[in-house]
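Explain how the protein chains in this model are arranged, and which residues face the DNA. Start with one strand, then turn to the other, then to the symmetry.

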2 protein chains.
Amino acid sequence: MATIKEVAREAGVSVGTVSMVLNHADYGSAAIRAKVEAAVAKMHYVPSEIGRNLSLQRTQMVGIIVPTVAHPFFAELVEGLEESLFHLGYKTMLCCTQKKENAEHTFVTMLKRRTMDGIIMGAHSLDVSLYENLNRPVLAFDRYLSDNIPIVHCDHQLGGQLAAEAFLQHDCHHIVQIAGAQIVRTPAHGYHQACNEVMQAHGAQTDLVSLPWNEFSFAGALQLAREIFTRYPDVDGILGADMSIAACLQVAGERGIRVPEALRLVAYDGTFMTQTGSQPLTAVRQPIEELAELAAAKMVHMITGEQDTLPWVLPPHLLPGRTC
Amino acid sequence: MATIKEVAREAGVSVGTVSMVLNHADYGSAAIRAKVEAAVAKMHYVPSEIGRNLSLQRTQMVGIIVPTVAHPFFAELVEGLEESLFHLGYKTMLCCTQKKENAEHTFVTMLKRRTMDGIIMGAHSLDVSLYENLNRPVLAFDRYLSDNIPIVHCDHQLGGQLAAEAFLQHDCHHIVQIAGAQIVRTPAHGYHQACNEVMQAHGAQTDLVSLPWNEFSFAGALQLAREIFTRYPDVDGILGADMSIAACLQVAGERGIRVPEALRLVAYDGTFMTQTGSQPLTAVRQPIEELAELAAAKMVHMITGEQDTLPWVLPPHLLPGRTC
DNA sequence: GTGAAAGCGCTAACAC
DNA sequence: GTGTTAGCGCTTTCAC
């Protein structure tokens, strides 16, 4: 592999000149530039990012930590982040923590090792202390990590209200909400609370059931759905993440409960999986792509030290379907 | 940020000693090791990966190129690759090409720039020439790139036969197959051909319709499903990717066609989305996780120059459901 | 406008 | 067994 030195020799100029010609469009006389370019072409020279990284002390790489990417919400999130980061000139390093013992720790170490310039954290971290006096760019996505770590998220308050209104429009009296693990510190718990408040103000009964920590599988959702129908036979409305609601719809089908007539279902997140079943799910849609774009922009600003006036919170909206 | 030099000064030893103590568990006397470790702790020293990369001439990073990760098949693939690579000591750089103009070109350039040690290519490349005399580790996943680029894939021949047998068991006479774009050179076309042969040998009519290039959305699938029902009113069996079959089931529902009684559907791939609808799809399941593990191992062997006797092809199997 | 040279942080071969 | 040192490939400041 040709190095910049060889190119310099071939072109009959110095190493510095080659570097300047390559990195600054306005550097050097036409003659010199031509010589350098000819040498580059002849030697099939491609600059080494590794050398560049050392010299510049950065990698132009951002790490993304999510529990899994084999889940529609995180898949859409990662997709959006990668795209936005790409357009901002950054590469994306992916880390899925769900199946790995302390992968999160490993990745935070990589940040310290300057493998990447910053991290966007979207996993359900329990060991928040990892982030405490980490003096490098970290942005949290929809979870609280530490006082000095900024956080981008959806307006879950509003999300919960939208769901409640949908239920109330159809006279629901007994709502069950399926939440993530309560130990996880995330603003997302807010939508259950908001929905709760609105429903109770209207005299409805509400119950909350929780999934285990780091449970995102359909199998897990199915199991919990079965429990709900058994435990709350008179439930007439369920709110939960897409996966959970899809499971409820399937179980309702098995038990001959008609949706939406006898049971109203509202999915929270509104990923593509709300659309792909034979009965599209009514959903509160988080603007995942926009949130990702926002997070990517914030991350880059943290790395470069720029200020911005972008918001930290984006509103969700109701996505019509055939389950409520 | 402390550097190795400062640690050496603090410990009263040389830079080389620090490096050796840190990288080789069996180096140095207990006394020296203790001194170094104390200095490391005191200075909060974390070695820079950037310096290491330059010295070692590698980044321990593998690039994964897929069209999108917001699609169950690629999501499961990426998840599996990332996990396997992680356990093999490699980081994963993600690149989604679908929404970006020549992102693929950019990523192949990054490989040349030694940003990563190798690439696993799972996108539907059209410009195969990119890979032609690229002298670096590239592994293709389920697509033909170039004569000297190895390829890991599922036994689609067998997959097609499994599907055909399922149709024949229920006396299907007119099968429509939904394929990806025909310009893409992939072994996956093989399952349509295999299914075709078996069906025709049994006197069934078969038709093939194709999705546009790089079309992986549910909306696209839905549109094609509608066309199929209109164009082939007597169709009694459809084979296609999960997303396409889910769309067919939805459209069948709209038109009052009973599945599986009047129409048999077999999904190819068998990702989790075949399970999440209210009527689980019968599917030919590609062993995505195992394929990913295999591809990751092969990739690492290409990077390190090791030989292996692992297979290049893995068999699919039939996943029971309620659509065939 | 161009070349020389220092330096980015680390590893490992080679002296001692 | 430990220290010295020559790179790894690049960028950029500073003389000329």
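**Two chains, two DNA strands**

This is a predicted model. The residues of the surface near DNA strand D comprise 11 nonpolar, 14 polar and one charged. In total, 26 residues surround DNA strand D. The closest are I4(A), G16(A) and G51(A), along with S14(B) and G16(B). Here "near" means that a C-beta atom, placed from the backbone, lies within 6 Å of the strand.

Which elements give two or more residues to this surface near DNA strand D? Chain A offers α2 (15-23) and α4 (49-56), and chain B likewise offers α2 (15-23) and α4 (49-56). The largest share belongs to α2(A), with six residues.

Now take DNA strand C. It has 27 residues around it. Those that come nearest are S14(A) and G16(A), plus I4(B), G16(B) and G51(B). By class, the surface near DNA strand C holds 12 nonpolar, 14 polar and one charged residues. At least two residues each come from α2, α3 (30-43) and α4 of chain A, and from α2 and α4 of chain B. On this strand the largest share, six residues, is that of α2(B).

How are the two protein chains related? A turn of 180°, with a shift of 0.0 Å along the axis, lays chain A on chain B with an RMSD of 0.1 Å. That is the relation of a two-fold axis. The interface fits in here: 100% of the interface residues of chain A are also interface residues in chain B, so the copies meet through the same surface.

Note on methods: Residues numbered from 1 in each chain as written. Chains lettered and ligands numbered in written order. Predicted model: local features only at pLDDT ≥ 70, side-chain atom pairs only at ≥ 80, totals over all residues. Helix = DSSP H or I, 4+ residues; strand = E, 2+ residues; numbered from the N terminus. Nonpolar A, V, L, I, M, F, W, Y, C, P; charged D, E, K, R; others polar. Least-squares fit on C-alpha atoms with pLDDT ≥ 70 in both. Contact = placed C-beta atoms within 7 Å.
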